[in-house]
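Trainee: Hi, have you got a few minutes to go through a structure with me? I'd like to ask as we go.
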Number of protein chains: 2
Amino acid sequence: MTNEIVPDIVISRLPWYLQTLNQMAKEGLHTVSSTMLAERVGSTAAQIRKDLSYFGGFGKQGTGYSIYTLIDQLQQILNLDRVWRVAIVGAGDLGRALTRYKGFANRGIDIVLIFDNHPNVVGQKIGSITVRHVETMAADIWELGIKIAILTVPGDAAQSLANDLAKAGVKAILNYTPQTLMLPPDVHVQNIDPVLQLQRMMYYLGDDQ
Amino acid sequence: MTNEIVPDIVISRLPWYLQTLNQMAKEGLHTVSSTMLAERVGSTAAQIRKDLSYFGGFGKQGTGYSIYTLIDQLQQILNLDRVWRVAIVGAGDLGRALTRYKGFANRGIDIVLIFDNHPNVVGQKIGSITVRHVETMAADIWELGIKIAILTVPGDAAQSLANDLAKAGVKAILNYTPQTLMLPPDVHVQNIDPVLQLQRMMYYLGDDQ
């Protein structure tokens, strides 16, 4: 691995490559060319070679990449060679859906805590997890050393809870709220507002309706 | 507006700017500098000026942008000066959460159809919408002229349903499944897999645990 700082946009594509490679492995493929991978992810071969080159050379010219080696390397780069424990804040519809989401378990993510402030919800079981009161959130997260949280609360509660999460040691927040979070630079935030994702596609629909 | 083709990465940032500007307007602000906007969205003033320059000049040197004018312009660019009707495919936890999601209504998105294939679910009401059977999906979507769909089905059903959606005239799919969709180039896909969003942050957590 080189010491060059890797642009975040490159990092953002790696999970997508990994996912696609896992799918190819399931299909029984053993090697992949950058062209093949590019077709699957809707990119170009040059882009993929450039992205991967940040982390050293993986493929031999002409023979392509070994899918399993590439999966291994990408998992190491992304720190996916371990299981990350995650807390969900907000046990509404979305928080519940995420707690029960089957796609986490085999991809290195373990939902271990879920919080809410509503008396009817605190103490309820969602799957195997009991909803705890947000009052104990900071202490619980600190105690377990949890670094990753998913925020699924109403927008007006988001910033204050995010501050509490940051103080409790959380370094990565997946933000499902429409609120722009302002946090110290060492806390990474990914916004996953479906409206923003829909809106960027609407740009291309202008002449259709 | 210039005729230059705008990179998709620029388009992807516009909804985020719009959202932040709406928040600023709510706070009672009237003008904003590119530096201020940059701070809020975690970007740089140069980046914001460059992004906006694709669509002509909005601000006067030194005085910043009028927030309301900028909101208006961004809404027009993103075709948000209308309401888009959207179909949800898959009435599981996530499909239900999205159908009930309150953040759509005042941001130009109207969920009008929801489909599932499970006999226990078809016919159920979620909010004000009755779940229909996927058998009639293509016909229903075609009839209503719907261009946007949200896919929240198990991964192994995703590609086949996406093909049906594309044939029924859908041009934009928000893909919540872990499946990479392969579709004609005029169909836009945004993947919103929470695992990918979490994984890209894990890159930065390497030394933390």
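Mentor: Sure, let's talk through the chain contact, a sheet and some helices, keeping in mind that this is a predicted model.

Trainee: Great. How many residues of chain A are in contact with chain B?
Mentor: On chain A it is 49 residues, and they are in contact with 49 residues of chain B.

Trainee: Which elements of chain A give two or more residues to that side?
Mentor: They are α1, α2, α5, β9, β10 and α8 of chain A. The largest share comes from α8(A), with nine residues.

Trainee: And what does that side look like by class?
Mentor: The side of chain A that touches chain B has 27 nonpolar, 13 polar and nine charged residues.

Trainee: Back to α8(A), then. Is it enclosed or open?
Mentor: Helix α8 of chain A, residues 194-202, is largely enclosed by the rest of the structure, because eight of its nine residues are buried. Among the buried ones are P194(A), L196(A), R200(A) and M202(A).

Trainee: How are the two copies related?
Mentor: A turn of 180° with a shift of 0.0 Å along the axis lays chain A on chain B, and the RMSD is 0.0 Å. The copies are thus related as by a two-fold rotation axis. Both use the same surface, since 100% of the contact residues of chain A recur in chain B.

Trainee: Changing topic: what is the strand order in the sheet of chain B?
Mentor: It is an open sheet of six strands, ordered β7-β4-β3-β8-β9-β10, and the pairing is parallel.

Trainee: Which strands stand at the edges?
Mentor: Those are β7 and β10 of chain B; each has a single partner strand, so one side of each is left without a neighbour in the sheet.

Trainee: Where does α6 of chain B pack?
Mentor: Helix α6(B), residues 137-144, packs on the sheet and touches β3, β4 and β7 of chain B. Its direction makes about 160° with that of β4(B).

Trainee: How many bridges join β8 to β9 in chain B?
Mentor: Four bridges join these parallel strands. In one of the pairs, A149(B) has I173(B) in β9(B) as its bridge partner.

Trainee: Last one: at what angle do α2 and α3 of chain B cross?
Mentor: Their axes cross at roughly 105° and come within 8 Å, so α2(B) and α3(B) are roughly perpendicular to each other.

Trainee: Which residues meet there?
Mentor: From α2(B), S34(B), T35(B), L37(B) and A38(B) meet A45(B), Q47(B), I48(B) and R49(B) of α3(B). That contact has four nonpolar residues, three polar and one charged.

Technical notes. Residues numbered from 1 in each chain as written. Chains lettered and ligands numbered in written order. Predicted model: local features only at pLDDT ≥ 70, side-chain atom pairs only at ≥ 80, totals over all residues. Buried ≥ 20, exposed ≤ 12 C-beta atoms within 10 Å, placed from the backbone. Pairing = 2+ DSSP bridges. Contact = placed C-beta atoms within 7 Å. Axes fitted to C-alpha atoms, helices over the stretch in contact; angles between N-to-C directions. Parallel < 35°, antiparallel > 145°, perpendicular 65-115°, else oblique. Nonpolar A, V, L, I, M, F, W, Y, C, P; charged D, E, K, R; others polar. Least-squares fit on C-alpha atoms with pLDDT ≥ 70 in both.
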